[in-house]
Structures are given as structure tokens and as C-alpha cells.
Amino acid sequence: MSPDQVEATATMLYVELLRKGYTHVAEFHYLHHDKAGKPYTNQAEMGERLIAAAVAAGIKITLIPILYQKGNFGEAPQSRQRRFISPTLDSYFNLLNDTGRLVAKSPGHRLGFGVHSLRAVDPSVIISTFEQGPKTIPFHLHAAEQLKEVEDCIAFCDRRPIQWLLESLPLNERFHLVHCTHMNDFEVASLAKSGANVVLCPGTEGNLGDGIFRLSDFAREGGNWSIGTDSHISLNPLEDLRWLDYAQRLVSHKRNTFDNPGEVLLSHALHSGRKAMNNYLSDMYFELGLPFDAVVFDAESPLLANSDLTHLLSRILYTSDSSNILGTLIDGKWVVKRQIHDQQDRIKSGFIQTLKTLASE
């Protein structure tokens with residue numbers, strides 16, 4: 001994909017996120033270089049295109065340039081990964097600094113940083129990345145997504161992925177660990193107590209057959225989590241939150257995972273999600289003086305019209321779909337109304353043409 005094609009694709013994606021009710025995207029970004037694997041003259045070219053896509057769609061963005069160096073634990077990168085690779089830590093930090101300057105141009109843009117995973121970056125370099133990196137912004141990393149990854153990590157590091165992270169890094173609320181599907185009892189309890197956040201992606205994890213995160217146990221230990229779209233196989237936050245809960249019911253054979261589940265699931269998704277976005281402005285859903293970013297549901301839809309406030313969030317979570325969304329607002333302005341984005345036809349046309357071009361190459 002060229003920079004133009006990435007921008008057209010990301011713009012379409014961001015429009016779809018807005019249509020489903022998302023107002024801010026954290027872009028875990030590691031497609032950095034040109035087709036030959038060489039840095040662009042502007043090192044942050046691809047990041048700049050993602051920001052342009054967010055501006056065109058009207059969504060807020062946290063750009064997270066990701067360090068990627070290996071093909072697997074201890075293995076050199078494959079040729080097809082050449083566009084991901086930052087050969088040295090200095091080259092990655094140069095990219096991060098250039099991206100930071102782009103992000104600083106708008107109050108709606110934010111910055112995070114991180115490494116792809118233990119299999120994509122040597123353990124010692126992961127430690128150096130965190131220790132030498134920015135001291136206040138979120139740090140993101142994939143961990144323990146698949147059983148093979150856990151087995152490979154034990155063979156290479158003599159530890160399980162979450163165990164290694166707990167022993168090697170000062171985990172706290174700045175850390176956002178994606179997936180964490182496969183944990184033992186000690187890891188579940190220790191990760192929860194560390195204050196680190198887990199980013200769960202039920203649509204992708206189900207699509208890839210990764211497994212089921214131990215949410216009930218993690219919640220019982222006081223753990224924090226948010227949700228993500230990862231491969232974008234699912235873009236509907238309500239669907240992902242439902243399946244996050246339903247998976248727990250299927251393995252526990254219980255019909256309730258939480259008391260007042262709508263409040264529990266949505267509040268975790270919001271508050272830990274804001275931390276992932278580097279957005280610490282408020283612990284409130286909405287607050288005077290802060291930007292009004294919201295998805296608006298139709299209060300007159302049949303099941304919502306007859307709900308009391310105690311059960312309203314659960315009604316929205318378990319019974320609603322996109323047809324119940326009146327629209328999405330960013331900074332108090334409608335960017336989507338009745339499932340129609342104000343620039344949808346133009347953006348859709350550009351995306352379709354991009355797919356046709358890619359298919360013919």
C-alpha cells in the first residue's frame with residue numbers, strides 16, 4: 001500500500017468507527033517504511049497520513065508508533081516484514097520524536113509508544129525502550145495472545161510472557177497489554193494488582209481462534225481493561241462487549257458475570273480506554289468545560305423507551321445495534337447522523353477505488 005492508499009483505507013475505517021459510536025481511535029501503528037523497506041524522506045510519512053485520515057473522518061486519534069525488529073523470538077525479520085522494521089532503538093526514537101511533533105499540532109491528537117511484542121523485539125530492547133522512552137505517555141504491547149507464543153516464549157526467555165513482563169518491567173497504569181489471553185492464576189492476580197490495563201479484542205480473538213481471556217477472574221482481582229478492534233474484523237463496541245461477557249458465561253455456565261453488567265463493562269471500557277488514548281482529562285463520563293464527544297442512542301426505540309435508568313446501560317449493551325444510534329458527535333458537532341457520515345460518499349468512493357487498484361497490482 002502506498003501512503004495515498006493507506007490514507008484512503010484509514011479514512012474509511014475511521015468513518016465506520018464513528019458510525020458504530022467510537023469517538024477516538026488508538027492507532028497501534030507499525031507500517032512505517034516504503035515498499036522496499038526504506039524510511040520515507042519524512043520518517044513519519046505514514047503516521048502523517050493516518051492523522052490526515054482522522055482529520056478527514058472527524059475522529060480523534062492517538063498515534064502509537066510501534067517498535068518492530070524480529071520475525072519471532074530470536075529470529076531475524078522476514079523479507080515481507082521489511083516495512084515494519086526499525087533496525088536500531090535510535091531509529092525508532094527518531095520516528096517517535098517526528099511523530100510527536102506531528103501530534104503536537106492539534107489538541108485532538110495524542111501520542112503513545114510501545115513495542116509490538118516479546119516475539120518481535122528482544123527482551124533487553126523492550127526494557128531499554130521503556131526506560132529510555134517518554135515518562136508520562138501510555139506504553140502498548142501485545143502479550144500472550146496465542147498458545148504457541150507462550151510456548152515459544154518459555155523456550156526463549158525461560159518464562160511465560162506475562163510472567164516476564166511482571167518480573168522485568170515496573171507495570172503500572174501506563175501499561176496497556178493487548179490480549180493477555182493465556183495466563184495462569186499467579187499472572188491473573190499479579191497483573192490485576194499491578195494496575196496495568198489489558199486491551200481485549202473479542203472480535204479478533206474469536207476470529208483468530210486465540211482463546212478466551214479470564215475476565216471474571218481478572219475482574220475479581222480488581223483488574224482494569226478496555227476494548228480494541230485490532231484486526232478490525234469487528235468494529236461494533238457493543239458487539240465486542242457482549243461477546244466479552246458471553247464468553248465468560250459459556251465457560252462458567254452462569255447466566256450473569258457481573259451485577260449491573262452494562263455499567264461495569266461500559267465504565268471499564270471508557271476509563272481504561274481513555275488511559276490508552278493518553279486522555280486523562282476526567283474520570284467522569286462528561287464534564288463541563290471538556291470536549292463533548294458522544295454517541296447518541298434513540299431513547300424512543302422500543303426496548304429503550306421503557307427502561308428505567310438502573311437498567312438502561314444494560315439494555316443498550318445487550319439489545320442495541322447500529323440501527324438505534326441517532327449519531328455521533330465530536331466536539332459537540334454531529335459528524336454522523338442516522339448512520340450517514342457527512343463525507344461518506346466521497347470517502348467511500350476513494351476507498352473502493354483503492355481496493356480495485358490493489359486487486360489489480
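Let us start at one residue: P170 sits in the loop between α6 (161-168) and β6 (175-179). Keep in mind that this is a predicted model. Leaving out residues up to four places away in sequence, P170 touches F130 and F175. Another residue to look for is I127: P170 and I127 are 43 residues apart in sequence, and their C-alpha atoms are 9.8 Å apart in space.

**The whole protein**

Now zoom out. The protein has 14 helices and 12 strands. How does its radius of gyration fit that of a compact globule? For 361 residues, a compact globule would have a value near 21 Å, and the protein has 20 Å, so the two agree. Taken along the principal axes, the C-alpha atoms fill a box of roughly 60 × 50 × 40 Å.

Of the 361 residues, 54% count as buried. The accessible surface comes to about 16700 Å², and carbon and sulfur atoms own 53% of that surface. Among contacts with a separation of 6 or more, 71% are between residues 24 or more positions apart. The protein carries 35 positive and 42 negative charges, and the mean positions of these two groups are 3 Å apart.

**A covered strand**

Next, find strand β2 (residues 60-67), where 8 of its 8 residues are buried. Which residues of β2 point one way, and which the other way? K60, T62, I64 and I66 point one way, while I61, L63, P65 and L67 point the other way, and all are buried. Strand β2 pairs in the parallel sense with β1 (residues 24-29), over 6 bridges. One pair to pick out is H29 and its bridge partner P65 in β2.

**An open sheet and its last loop**

Strands of a sheet pair through backbone hydrogen bonds, either parallel or antiparallel. Here, 4 strands form an open sheet in the order β9-β10-β11-β12, with antiparallel pairing. The edge strands are β9 (294-297) and β12 (340-341), each of which pairs on one side only.

Look at β12 and its partner β11 (residues 333-337): the two pair in the antiparallel sense over 2 bridges. K337 has I340 in β12 as its bridge partner. The loop between β11 and β12 holds R338, and Q339 is found in that loop too.

Most residues other than glycine have a negative phi. R338 is not a glycine, yet its phi is positive, near 50°. Q339 is not a glycine either, and its phi is positive at about 75°. Are these residues buried or exposed? R338 is exposed, because its relative accessible area is 54% and exposed means over 50%. Q339 is buried, because its relative accessible area is 15% and buried means under 20%.

**A buried loop residue**

S320 also lies in a loop, the one between α13 (309-319) and β10 (325-330). With a relative accessible area of 2%, S320 is buried. Which residues are in contact with S320, leaving aside its neighbours within four places in sequence? They are L238, R242, F297, L304 and R315.

Here are the three loop residues with their accessible areas.

| Residue | Relative accessible area | State |
|---|---|---|
| S320 | 2% | buried |
| Q339 | 15% | buried |
| R338 | 54% | exposed |

Note on methods:
Residues numbered from 1 in each chain as written. Predicted model: local features only at pLDDT ≥ 70, side-chain atom pairs only at ≥ 80, totals over all residues. Heavy atoms only, no water. Contact = heavy atoms within 4.5 Å. Rg over C-alpha atoms; globule rule 2.2 N^0.38 Å. Buried < 20%, exposed > 50% of the residue type's maximum accessible area, 1.4 Å probe, protein only. Areas by Shrake-Rupley, 256 points an atom, 1.4 Å probe, with all protein chains shown as cover. Lys, Arg positive; Asp, Glu negative; His and termini not counted. Charge placed at Lys NZ, Arg CZ, Asp CG, Glu CD. Pairing = 2+ DSSP bridges.
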